[in-house]
Amino acid sequence: MRRRGLILGGVPLFLLGHGAARAQSQIGDTPLPFLQDKQPDKQMAALDDRFSPFTRIVLDRWGDPVLPDAPAFVPAALTADQANTQFPYDGVIAGMLIPPPAQDGIPRLVMVLATPDIPARMVFPPGQDNPAVAGRMQGVTVVNLQYLGGRWLTVDGGYQSRRLSDATLCAISGPASGAIGTSVQGVLAPETGSATPWGSVLLAEGHSGAWLTRLADVGYGYGDPTQAARFGWLVELDAFNPNDIPIKRTALGRIPRGGVAAAQTADGRPVVFFTQDAPAGALFRFIGTTNATAGTALDSGTLAVARLSGNGIKWVDLGDDVPTLVGLAGAAQVAGAEMFDAPGGLALSADGRSLYMACGGNPARTTPDALNPRAGDDNGHIIEFSLPGGDATAPGFAAAPVLVAGQPGVDPGTQYPPTAPYWLRKPRTLALDHAGLLWIGTDQRGDTARMADGLFTWSPGMLGQAYQAPTGAAMGGAAFAPAGQTVFAMVRHPGATPEASYNFPATRWPTLRPDMPPQSTLIGLVSG
């Protein structure tokens, strides 16, 4: 096994603003300082990233080995063997788990990442698609991390390290399995995910139709129209077991998901919240009927959708019949579901009292409402749902926008804490650290002409920026070391501006070398 932990940087490039007052956030047991910087030009995208007051370490880049038999990275001549064994192009943090302590006492983590897309223009020179390689590169990556010498390192070929792709055998369970089949080859287009309190990871297959068309001539029967019903589900994985067969849980419905958050009731039942990945999408909740530790806990329960009600939402139960589950989007509309503006990431507070949801904005909206406050908006906002008494199963939640994104003075209706020195667009991923500070990852889909994407930090009365991504890059989520001073984050598709290509990227970050393509990168932000 090889251990990798490359430090790139450490000299402060910009400071971290949180309004008028100095504040601190707790990552593990060590406070992180937050400083001010009121220079708006600092938010413009650049060839390199900015990360002061942190030191930024590189943990995994596109092409780094995941499995011990990985060949050398040859980006100009990618093969299925490389795709099967190397860290992929693009990724979103889907979950992080703490394995049982080992006898050597070394702290370890298991990180799970989802790769929804492999754009031919950025991966294959000169943009000629290679579906057989792309299908193996998309999917899921499980990597091992361990803490040695005062920093987190990637363990190449660690025990749990694996890749799931179009070639991975999956089981299908729940109410729809009798109609669509009990097994299928492939995890396709996973957009997001969530670690669960019961020790698994949920992975949300997204818009799989484009992949089925792209892979039609590759094999596994993807060209068969009947295959479509076997994709677009929530997949449960035991990331601690490298031989685990992923299970597609049909009781939670078939729909592209933009965010997932899992909880557990006081009596042990699973609760899963998820959003519909669409310009106008719904918010759903599933409550299991049996204890979450039971192997079939996600195979039966109550599926509901959120409807606008007064100063919040109420939950409207949906059926568990096959037509409802397979056609979940249509069932939500029939039930009068509230349609949010491009709902994405979710984050549930540790005390279970607050659920946050990122919305990316919907220019097609003509009528604002209490939870979507602007018409024709392309900037987005964040909503806080208040769970009464921390009860995730309550029939209704109070709710209100707590941040309305856009450039103050340019975009109408923005809502930030007073004197906030930063602004943001397109919130997509959300994560809460150990002190309850909300970390917001933005994603403008590579169009960073107005401002760079990055990681922002929010709590009532406070907004700051922790990391600024290079041009063309977006953020794929954040996670927090259980002890120590490290924030993990995924930097997606650097250099992939709308006009860019493999041969002509907008940056070649992180190496900035003319002989290397830009590489999506799992980083650590280390304070102190």
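**Exercise 1. Find out which classes of residue line the largest cavity of this predicted model, and how many there are of each.**

Step 1. Start with the residues themselves. The largest cavity is lined by W62, L78, Q82, A83, Q86, F87, P88 and M137.

Step 2. Sort them by class. The lining has 6 nonpolar and 2 polar residues, and no charged ones.

Step 3. Add the volume. The largest cavity holds about 30 Å³ of space. A search of the whole structure, counting cavities of 30 Å³ or more, turns up 1.

**Exercise 2. Describe the second largest pocket: what is its volume, and which residues are closest to its centre?**

Step 1. Take the volume to begin with: about 240 Å³ for the second largest pocket.

Step 2. Now look at the lining, which is made of 16 residues. Closest to the centre of the pocket are W198, S200, E236, R249 and G295.

Step 3. Ask which elements contribute. Two or more lining residues come from each of β15 (234-237) and β16 (247-249).

Step 4. Finish with the classes. The lining of this second largest pocket has 8 nonpolar, 4 polar and 4 charged residues.

**Exercise 3. Trace the open sheet of 9 strands and work out why β17 and β24 each have one side without a neighbour in the sheet.**

Step 1. Follow the strand order, which runs β17-β18-β20-β21-β22-β27-β26-β25-β24, with antiparallel pairing.

Step 2. Look at the two ends of that order. β17 (257-264) and β24 (343-348) stand at the edges with a single partner strand each, so one side of each has no neighbour in the sheet.

Step 3. Note the twist, which averages 25 degrees from one strand to the next.

Step 4. Zoom in on one edge. β17 pairs with β18 (residues 270-276) in the antiparallel sense, over 7 bridges. Within this pair, G259 stands opposite T275 in β18.

A handy reminder: strands of a sheet pair through backbone hydrogen bonds, in either a parallel or an antiparallel way.

**Exercise 4. Do the same for the open sheet of 4 strands: what is its order, and which strands stand at the edges?**

Step 1. The order is β28-β29-β30-β31, and the pairing is antiparallel.

Step 2. The edge strands are β28 (427-432) and β31 (462-468). Each has a single partner strand, so one side of each is left without a neighbour in the sheet.

Step 3. On average, neighbouring strands of this sheet are turned by 25 degrees against each other, direction ignored.

Step 4. Choose the β28 edge for a closer look. β28 and β29 (residues 438-442) form an antiparallel pair over 5 bridges, and A431 stands opposite W439 in β29.

Terms used
Residues numbered from 1 in each chain as written. Predicted model: local features only at pLDDT ≥ 70, side-chain atom pairs only at ≥ 80, totals over all residues. Heavy atoms only, no water. 1 Å grid on protein atoms, 1.4 Å probe; cavity = no way out; pocket = protein on both sides within 12 Å on 5 of 7 lines; lining within 4 Å. Points joined across faces, edges and corners; volume = space filled by probe spheres on them. Nonpolar A, V, L, I, M, F, W, Y, C, P; charged D, E, K, R; others polar. Pairing = 2+ DSSP bridges. Axes fitted to C-alpha atoms, helices over the stretch in contact; angles between N-to-C directions.
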